[in-house]
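Me: Please pick one loop in this model and take me through it slowly, along with whatever comes right after it. I'm new to this, so plain words would help.

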Amino acid sequence: MINLAATFLLAFVRRIKRGGVIINEHTLTKAQTRFHVTVLSRWFDFIRLTDLPYRWAQPTQRPFCLLTFDDGKRSNFTETAPELERLRVPAVFYVTTEPVTTGSCQWFDKREQLVKAIGRCPAGLDLQSLKQLPFDLLMKRLEKACADYNFKPGDESDDLRPMSWEEVRSLNRRGFTIGAHGLTHAILTREKRKRAFAEIEESLAKATLEVGAPCTTFAFPNGNYNTELVWHAVRCGASTLMTTDPGWVDERAALWRLPRVQLFGSASRARIESKIALAAFKRILANPNGSGRRERHGAEGEARGAIPRVVPVPRMSR
Ligand SMILES: [Zn+2]
């Protein structure tokens, strides 16, 4: 019954909406990758990032779907990419550059491991509280908690370990697009301007250097952004910017503030279909960046409602 309702709703939305959707995933097993692709391919044509402006300008009968994966976990390389390759489905992988360089897992995975190991969340270590902090303070609090509980985070699992740069290069050689996702996965709107700008600039530069081709796409960590950050990313050479604003990509969207619908590996067919359908309507899905359902666009601070409608985004080359 729920399956039927979700299918009916998405069929209805597909009739009334133009454009398509950008999906935001993180880690998927091979079987989950296959399942997500099977469900999505019933409704959408998969496209590459470089196809986006063309598909947008010339809508076709079937809406498009662009798959994106954030964080650069090693399972993207070992599980997801081989399956996508087999199914001939393109994708963009957004990597957090410092963990790829150092090989250590990201702050939210260290926290998750600590919580699991001690069986509860220590005071002040709930995700919502941590996400209010600048990165240095967040790490200090997290490291102190790990020391207090004599806990050393591991990174044996490919869902925790980052890919290596050689693996990132291999994905790029095989036709996948590589994007930048910050240096440290700091939440940029919590940082001082200089630090936030460096997170954008240096992660784009590092990805460009390591991959050996210009990195021109950036995904805001946790989806938090404002006008200043958008402009800076564009100045640093990003021609597409990914947010977590839930929505469809239609003629009202902008390349510098692209909405994405977030899915998780365990999602059922009904969950995938209903979430994508509901993303077509305002104020139904909450923005995962913490701005809730109030705003269609989750820009923060001075940016709310003030982002210019036209930003000089460089032309994309195919
Ligand atoms: Zn992320």
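Reply: One definition before we start: helices and strands here are DSSP runs, at least four residues of H or I for a helix and at least two of E for a strand, and they are numbered from the N terminus. Keep in mind, too, that this is a predicted model.

Now for the loop. Look between strand S6 (217-219) and helix H11, and you'll find Asn222. Its backbone does something worth a look: phi is positive, about 60 degrees, even though Asn222 isn't a glycine. Is Asn222 buried or exposed? It counts as buried, because 22 C-beta neighbours sit inside 10 Å, and the cut-off for buried is 20 or more.

Compare that with Asn150, which sits in the loop between helix H8 (135-148) and helix H9 (165-173). Asn150 isn't a glycine either, and it has a positive phi of about 50 degrees. But Asn150 is exposed, since just 7 other C-beta atoms lie within 10 Å, and 12 or fewer is what counts as exposed.

Back to H11, which covers residues 227-235 and packs with helix H10 (residues 193-211). Their axes are 10 Å apart and the angle is about 40 degrees, which makes H10 oblique to H11. The crossing of this pair is right-handed. To see who meets whom, find Arg193, Ala196, Phe197 and Ile200 on the H10 side. Across from them, H11 brings Glu228, Leu229, His232 and Ala233.

Definitions and conventions
Residues are numbered from 1 along each chain as its sequence is written. This is a predicted model: local features need pLDDT of at least 70, side-chain atom pairs count only at pLDDT 80 or more; totals for chains, interfaces and linings use all residues. Axes are lines fitted to C-alpha atoms, for helices over the stretch in contact, and angles run from 0 to 180 degrees between N-to-C directions. Angles under 35 degrees count as roughly parallel, over 145 as roughly antiparallel, 65 to 115 as roughly perpendicular and the rest as oblique. A crossing is left-handed if the near helix is turned anticlockwise from the far one by less than a right angle, and right-handed if clockwise. Two residues are in contact if their C-beta atoms, placed from the backbone, lie within 7 Å.
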